[in-house]
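Subject: Handing over a structure, with notes on what was found in it

Dear colleague,

I am passing a structure on to you, and I would be grateful if you looked through it with the notes that follow beside you. They begin with the overall course of the chain and then move to the sheets, the core and one of the helices.

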Amino acid sequence: MLFPDPTPHSRPATHPDGGWGARRPRLPAPPLDAAGARCDEDSAPVTLRSLVLSGQEEDEPRAIRAGLLSLLGTSSAAAPGDLVVDDGPCPYCARHHALVATSPTGRRTYFAVVRHTRLVVYAVSPFPVGLGLAVEDADHPGRARRPARLRAQRGSVSRGRCVRPRDGRVEYLVRYVEAEPSSDCVVSVVWEVPHAPAPSGS
Ligand SMILES: [Zn+2]
């Protein structure tokens with residue numbers, strides 16, 4: 001980085017969520033095959049799962065895709081084959097963000113996938129969701145958090161909002177992901193929700 005932020009942790013938390021740099025417990029991403037039907041909506045409206053590739057897969061992209069479809073099917077209450085998956089470029093900006101699967105009943109489930117070596121992390125949510133992954137520099141631990149969350153935030157912007165001036169009608173909630181066994185990378189998850197005004201008097 002040419003111009004590192006000299007005071008990365010000195011900004012006050014102005015966001016109701018505690019600001020970009022707030023320290024919070026990381027959200028777990030349990031193994032995909034232990035997913036069952038339960039979503040993690042009691043803690044956050046995002047379900048995280050992980051997959052560790054064995055290295056023996058003949059077709060890794062297909063294995064990663066199969067994991068995604070199985071998770072989307074569970075979360076959408078639909079057969080994976082019945083989902084219309086839109087993971088193409090945004091029609092407004094041609095980048096890949098706010099990826100979404102639509103069930104036959106019209107239910108939309110947003111998703112994101114990141115991969116680092118053999119670790120694959122998935123996120124699904126009723127809200128536009130992004131995942132960001134950055135590898136730690138052993139000489140500068142902690143610096144991967146910012147690029148990870150910025151990547152995740154870019155993926156969580158709803159389509160159309162990417163080309164509009166920034167406004168306060170949505171907010172972006174940031175968490176970090178417990179993504180073992182890869183300890184050399186940081187995974188951030190961000191989701192976009194309609195802005196909830198702070199209670200009066202606070
Ligand atoms: Zn866009």
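**Overall course of the chain**

Followed along the sequence, the chain has the pattern β-β-α-β-β-β-β-β-α-β-β, and its secondary structure amounts to two helices and nine strands. Please keep in mind while reading that this is a predicted model. Of the 202 residues in the chain, 31% are buried, and among the contacts with a separation of 6 or more, 56% are between residues 24 or more positions apart.

**The sheet of five strands**

Five strands form an open, antiparallel sheet, in which the order is S2-S6-S5-S4-S3. Its edges are held by strand S2 (47–52) and strand S3 (84–86), each of which pairs on one side only, and neighbouring strands of this sheet are turned against each other by 25 degrees on average, direction ignored.

Going through the pairs, S2 and strand S6 (residues 119–125) run antiparallel and are joined by six bridges, with Tyr122 in S6 as the bridge partner of Arg49. S5 and S6 pair over seven bridges, also in the antiparallel sense, and here Val113 stands opposite Tyr122 in S6. These two strands, S5 and S6, form a hairpin with two residues between them, and in its turn Thr117 has a positive phi of about 45 degrees. S4 and S5 are likewise antiparallel, joined by three bridges, and Thr102 has Arg108 in S5 as its bridge partner. The hairpin of S4 and S5 has five residues between the strands, and in it Gly106 takes a positive phi near 95 degrees.

**The sheet of four strands**

A further open sheet is made of four strands in the order S1-S8-S9-S7, and its pairing is mixed. Because strand S1 (27–28) and strand S7 (129–135), at the edges, each have a single partner strand, one side of each is left without a neighbour in the sheet. S1 runs parallel to strand S8 (residues 170–178), to which two bridges join it, and Pro28 stands opposite Glu178 in S8. Helix H2 (residues 145–156) lies across S7, S8 and strand S9 (185–194), and runs at about 155 degrees to S7.

**The nonpolar core**

Which residues have the most contacts inside the largest nonpolar core? They are Phe111, Val121, Tyr122, Ala123 and Val189, in a core of 40 residues. At least two residues of this core come from each of S2, helix H1 (60–76), strand S5 (108–116), S6, S7, H2, S8 and S9, and S6 gives the most, with six residues.

Val189 is a useful residue to look at in this setting: leaving aside its neighbours within four places in sequence, Val189 is in contact with Leu27, Val46, Leu48, Ala123, Val129, Leu131, Ala152, Arg175 and Val177.

**Helix H1 and Leu68**

H1 has 17 residues and reaches 24 Å from its first C-alpha to its last, close to the 24 Å expected at 1.5 Å a residue. Its buried residues are Gly67, Leu68, Leu71, Leu72, Thr74, Ser75 and Ser76, and the buried residues of H1 pack against S2, strand S4 (100–102), S5 and S6. In an α-helix, residues three or four places apart point the same way, because there are 3.6 residues a turn. After H1 comes Ala77, whose phi is positive, near 55 degrees.

Why does Leu68, which has its place in helix H1, count as buried? The reason is that 25 other C-beta atoms lie within 10 Å, where 20 or more are required for a residue to be called buried. Not counting residues up to four places away in sequence, Leu68 touches Phe111, Val113 and Tyr122. Leu68 and Phe111 are 43 residues apart along the chain, yet their C-alpha atoms are separated by 8.4 Å. Tyr122 thus ties several of these notes together, because it is the bridge partner of Arg49, stands opposite Val113, and is among the residues with the most contacts inside the core.

With kind regards

Definitions and conventions:
Residues are numbered from 1 along each chain as its sequence is written. This is a predicted model: local features need pLDDT of at least 70, side-chain atom pairs count only at pLDDT 80 or more; totals for chains, interfaces and linings use all residues. Two strands pair if DSSP finds at least two bridges between them. Two residues are in contact if their C-beta atoms, placed from the backbone, lie within 7 Å. Axes are lines fitted to C-alpha atoms, for helices over the stretch in contact, and angles run from 0 to 180 degrees between N-to-C directions. A nonpolar core is a set of buried Ala, Val, Leu, Ile, Met, Phe, Trp, Tyr and Cys residues joined through C-beta atoms within 7 Å. A residue is buried if 20 or more other C-beta atoms lie within 10 Å of its own, exposed if 12 or fewer, and partly exposed in between; C-beta atoms are placed from the backbone. The expected span of a helix is 1.5 Å times one less than its number of residues.
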